[in-house]
Amino acid sequence: MNILFIGGGNMAAAIIGGLVAKGRAPSSLHAVDVLPEARAHLQQQFGIRTSADGKAAAASADCVVLAVKPQQMREVATALAPALKGQLVISIAAGIRSGDLARWLGPAAQVVRAMPNTPALVAAGITGLYAMPGVSSTQRRDAENILAAVGSTFWVDKEIQLDAVTAVSGSGPAYVFYFIEALEQAGRELGLSPEIARQSALATFAGAVKLATTDTTDPATLRARVTSKGGTTERAVAALDEAEVKAAFIRAVRAAAERAAEMGDDLGRN
């Protein structure tokens, strides 16, 4: 299968690197980017073909991955439309709804929306996928295999659920970094050196995540196991509850989902 990437930024490079690492022949991959330095980087790192214009390459591709910024998507899709003849088109742009994308690409495109997150850059991402009606089972499998090169994947039945995926896992790494930042700062303020505060915060998050993913127990129970009656953790959790941190966090995720929906409205307007 020949795969064409429109856009050669970090996420496209991560997927290309993951595919090559899993045995995909570099000769089957082609990336288009207007920046000469981006093309040179992809050529040197992965040995793939690159070009500045994707119209000719799209005609011979089995799959086109749209990895451009959401604000550029309409222009890019409209330019590609004449070259498409039923190929699978995967969009990894946040906010662009499949119906709008299909309208710009024309009826020949078979559209799958993908919402990866930045841990894909280290092959530890998670990607939510949605396929428009008409996408074949083979094309769904191809889309899943492409995104599985940078982590785990799952499908949603309703496209609106991708707004929640965007808010939970798409934006989610920022929330984790936010709490790591806070834990690290607390360590420094309590007298730890910056190096030890950073090491402690990172190792604590990494270890807790590993425990949560290897133990089938729910997070609430895992938290309770750490929270001895009358102990330090109980005091800390009580302070978090008093500040309504959990409720504030849920409001934040809801705000992200609302913004994802707004972006879909704004970017889809004619």
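This section describes the fold, the surface and the salt bridges of a predicted model of a single chain.

The chain contains twelve helices and eight strands. Its C-alpha trace extends over about 70 × 40 × 30 Å along the principal axes. Of the 270 residues, 40% count as buried. Among contacts in the chain with a separation of 6 or more, 61% are accounted for by residues 24 or more positions apart. The area exposed by the chain is about 14,800 Å², of which 57% is supplied by carbon and sulfur atoms.

The eight strands are arranged in an open sheet with mixed pairing, and their order is 3-2-1-4-5-6-7-8. The edges are occupied by strand 3 (49–51) and strand 8 (151–155); each has a single partner strand, so one side of each is left without a neighbour in the sheet. From one strand to the next, the twist averages 25°. Within the sheet, strand 5 (residues 88–91) pairs with strand 6 (residues 110–115) in the parallel sense, over four bridges. In this pairing, valine 89 is placed opposite valine 111 of strand 6.

Helix 7 (residues 161–170) includes threonine 166. The relative accessible area of threonine 166 is 12%, and this residue is therefore classed as buried, the cut-off being under 20%. When neighbours within four places in sequence are left aside, the contacts of threonine 166 are with Met115, Ser171 and Ala260.

On the surface, Tyr178, Phe179, Phe249 and Ile250 make a nonpolar patch of about 400 Å². At least two residues of this nonpolar patch are supplied by each of helix 8 (172–189) and helix 12 (245–267). Phenylalanine 249 has its place in helix 12. With a relative accessibility of 33%, phenylalanine 249 counts as partly exposed.

Eight salt bridges are found in a search of the whole structure. One of the salt bridges links aspartate 100 to arginine 103, with the closest N and O atoms 2.7 Å apart. Both aspartate 100 and arginine 103 belong to helix 5 (residues 98–105), where they are three residues apart, about one turn of the helix. The two partners fall into separate accessibility classes: aspartate 100 is buried, at a relative accessible area of 14%, whereas arginine 103 is partly exposed, at 40%.

Further salt bridges involve helix 12. Glutamate 262 and arginine 259 both lie in helix 12, at a spacing of three residues, about one turn of the helix. Their side chains meet in a salt bridge with an N to O distance of 3.3 Å. Glutamate 262 has a relative accessibility of 41% and counts as partly exposed; arginine 259 is also partly exposed, with a relative accessible area of 42%. Arginine 259 forms a salt bridge with aspartate 266 as well, the closest N and O atoms being 3.7 Å apart. Aspartate 266, at 38% relative accessibility, likewise counts as partly exposed. Elsewhere, Glu184, Arg188 and Arg198 are joined into one network by salt bridges that share partners.

Key:
Residues are numbered from 1 along each chain as its sequence is written. This is a predicted model: local features need pLDDT of at least 70, side-chain atom pairs count only at pLDDT 80 or more; totals for chains, interfaces and linings use all residues. Side-chain values use heavy atoms; hydrogens and water are left out. Two strands pair if DSSP finds at least two bridges between them. Axes are lines fitted to C-alpha atoms, for helices over the stretch in contact, and angles run from 0 to 180 degrees between N-to-C directions. Buried means under 20% relative accessible area, exposed over 50%, partly exposed in between (1.4 Å probe, protein chains only). Contact means heavy atoms within 4.5 Å. Patches are made of residues with over 30% relative accessible area and no salt bridge: like charges are joined within 9 Å, nonpolar side chains (Val, Leu, Ile, Met, Phe, Trp, Tyr) within 5 Å. Accessible areas come from the Shrake-Rupley method with a 1.4 Å probe; for residues, only the protein chains shown count as cover. A salt bridge is a side-chain nitrogen of Lys or Arg within 4 Å of a carboxyl oxygen of Asp or Glu.
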